[in-house]
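Student: Hi! I have a structure open and would love to talk it through with you. Can we go bit by bit?

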Amino acid sequence: RAKQDGRGVFRFFEPELDAAARRRRQVELDLRDAIRLGHFELHYQPVLDLKNNRVGALEALLRWRHPERGLVLPSDFIGIAEDSGLIIAIGEWVLHEACREARRWPAHVRVAVNVSPLQFRNSGFPAIVMQALAASGLPPERLEIEITESVFLEGEEAVVALLHRLRSMGIRIALDDFGTGYSSLSYLRGFPFDKIKIDRSFVTDVARDAGSAAIVRAIVHLAKALGMDITAEGVEDAAQLSRLRGEGCDNIQGYLFSRPVSSSEVDALIGTRMEDAA
Ligand code: C2E
Ligand code: MG
Ligand code: MG
Ligand code: MG
């Protein structure tokens with residue numbers, strides 16, 4: 001009898017779908033353990049200010065130190081963390097940790113934290129940010145929050161209100177991966193971001209493709225006209241750098257200056273100027 005019931009269940013079994021679903025379920029379970037056991041760490045990538053060739057900020061980038069899989073990158077788990085809602089707990093840890101570490105950096109160095117749409121729209125988000133600042137003692141002016149256009153997909157008005165609220169606390173707001181969304185320009189009209197980050201896909205070809213160069217130039221001009229600061233992401237070589245400088249870009253970030261490094265390597269990096277590295 002029991003066997004027959006068992007077979008009945010298995011009639012709906014789709015092996016391939018099930019393998020993918022099981023894998024996701026396993027990652028989700030592993031993520032729960034990782035939260036409980038403290039298996040996350042933040043790496044930091046410097047953002048270089050081209051006015052003085054010094055590090056003006058560091059972007060916190062989440063890493064998962066998995067007991068068997070080693071260091072796992074966000075692309076392998078952020079999606080699952082978002083779908084399962086676990087990103088809210090993980091993101092809270094990220095904010096606390098980033099503010100705590102940034103507190104001991106020189107006062108002119110800010111920390112940038114990526115915030116996912118689900119986390120951002122969670123009603124507890126402003127309180128979590130305030131707690132992270134209060135617990136660490138980091139001045140709000142030294143925290144930069146990076147969001148992508150996808151936060152606007154559900155209810156633009158509420159998002160803009162929240163952005164103004166964070167801004168009024170003194171926090172800086174950056175629009176990440178600019179140019180990859182569907183209606184980037186309307187979001188720029190809707191909220192005065194402090195900073196725009198040009199997506200790596202435009203930066204990669206900026207020195208060898210006239211189209212990419214024209215887009216970068218247009219984004220830089222637009223940002224300037226709106227009073228926003230501009231960072232180019234994913235700068236890997238000197239040709240890209242000199243092109244971006246020529247276009248009037250304010251900051252660069254990318255492997256040319258430094259890959260993301262562990263927190264113990266941050267201090268040495270903050271003292272490094274561009275001439276020393278590239
Ligand atoms: P992002 O915020 O656009 O971060 C930039 C990504 O580009 C990082 O990948 C960084 O390591 C990589 N990168 C930097 N310079 C270069 C370069 O010169 N060449 C190339 N090829 N890549 C470069 P990473 O660390 O794997 O993070 C990927 C994405 O995961 C981030 O994109 C961000 O959207 C998300 N993410 C990272 N940390 C967090 C977090 O704490 N919370 C949330 N919600 N998302 C995060
Ligand atoms: Mg980012
Ligand atoms: Mg980005
Ligand atoms: Mg990106």
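Student: Let me start with a detail: where in the chain is Asn53 placed?

Tutor: Asn53 sits in the loop that runs between strand E1 (40-49) and strand E2 (54-66). Before we go on, keep in mind that this is a predicted model.

Student: Got it. Is Asn53 buried or exposed?

Tutor: Asn53 counts as buried, at 10% relative accessibility. Its backbone is worth a look too: phi of Asn53 is near 60°, a positive value in a residue other than glycine.

Student: Which other residue has a positive phi although it is not a glycine?

Tutor: Asp177 is one, with a phi of about 55°. Asp177 lies in strand E6, and with a relative accessible area of 25% Asp177 is partly exposed.

Student: Let's switch to the metals. Which residues coordinate the magnesium ion (ligand 2)?

Tutor: The magnesium ion (ligand 2) is held by Glu59 (OE), Asn114 (OD1), Glu146 (OE) and Asp176 (OD), at 2.0 to 2.2 Å. If you want the pattern along the sequence, the donor residues of this ion (ligand 2) are spaced E-x54-N-x31-E-x29-D.

Student: And where do Glu146 and Asp176 lie?

Tutor: Glu146 is in strand E5 (residues 143-147) and Asp176 is in strand E6 (residues 172-178), so the pair ties together parts that are 30 residues apart in sequence.

Student: Are those two buried or exposed?

Tutor: Glu146 is buried, with a relative accessible area of 2%. Asp176 counts as buried as well, at 6% relative accessibility.

Student: What are the protein donors of the magnesium ion (ligand 3)?

Tutor: For the magnesium ion (ligand 3) they are Asp176 (OD), Asp177 (OD), Glu233 (OE) and Glu233 (OE), lying 1.9 to 2.6 Å from the ion. Glu233 is listed there with two OE entries. The spacing of the donor residues in sequence reads D-D-x55-E.

Student: I see Asp176 again! How far apart are the two ions, ligand 2 and ligand 3?

Tutor: They are 3.9 Å apart, and Asp176 bridges the two.

Student: Nice. New topic: which helix is Arg217 in?

Tutor: Arg217 belongs to helix H10 (residues 210-225). Arg217 is partly exposed, with a relative accessible area of 37%. Its C-alpha atom is 14 Å from that of Ser201, and the two residues are 16 apart along the chain.

Student: Now zoom out for me. How many helices and strands does the chain have?

Tutor: There are 13 helices and ten strands.

Student: What is the radius of gyration, and what would a compact globule have?

Tutor: The chain has 21 Å, and a compact globule of 278 residues would be near 19 Å, which agrees. Along its principal axes the C-alpha trace spans about 75 × 45 × 40 Å.

Student: How much of the chain counts as buried?

Tutor: Of the 278 residues, 46% do. The accessible surface comes to about 13,900 Å², and 53% of that belongs to carbon and sulfur atoms.

Student: And what share of the contacts join residues at least 24 apart?

Tutor: That share is 67%, counted among contacts between residues at least 6 apart in sequence.

Student: Last one: how many positive and negative side chains are there?

Tutor: The chain carries 35 positive and 40 negative side chains. The centres of the two sets lie 2 Å apart.

Notes. Residues numbered from 1 in each chain as written. Chains lettered and ligands numbered in written order. Predicted model: local features only at pLDDT ≥ 70, side-chain atom pairs only at ≥ 80, totals over all residues. Heavy atoms only, no water. Helix = DSSP H or I, 4+ residues; strand = E, 2+ residues; numbered from the N terminus. Rg over C-alpha atoms; globule rule 2.2 N^0.38 Å. Buried < 20%, exposed > 50% of the residue type's maximum accessible area, 1.4 Å probe, protein only. Contact = heavy atoms within 4.5 Å. Areas by Shrake-Rupley, 256 points an atom, 1.4 Å probe, with all protein chains shown as cover. Lys, Arg positive; Asp, Glu negative; His and termini not counted. Charge placed at Lys NZ, Arg CZ, Asp CG, Glu CD. Donors = N, O, S within 2.8 Å, 3.2 Å for Na, K, Ca; no water.
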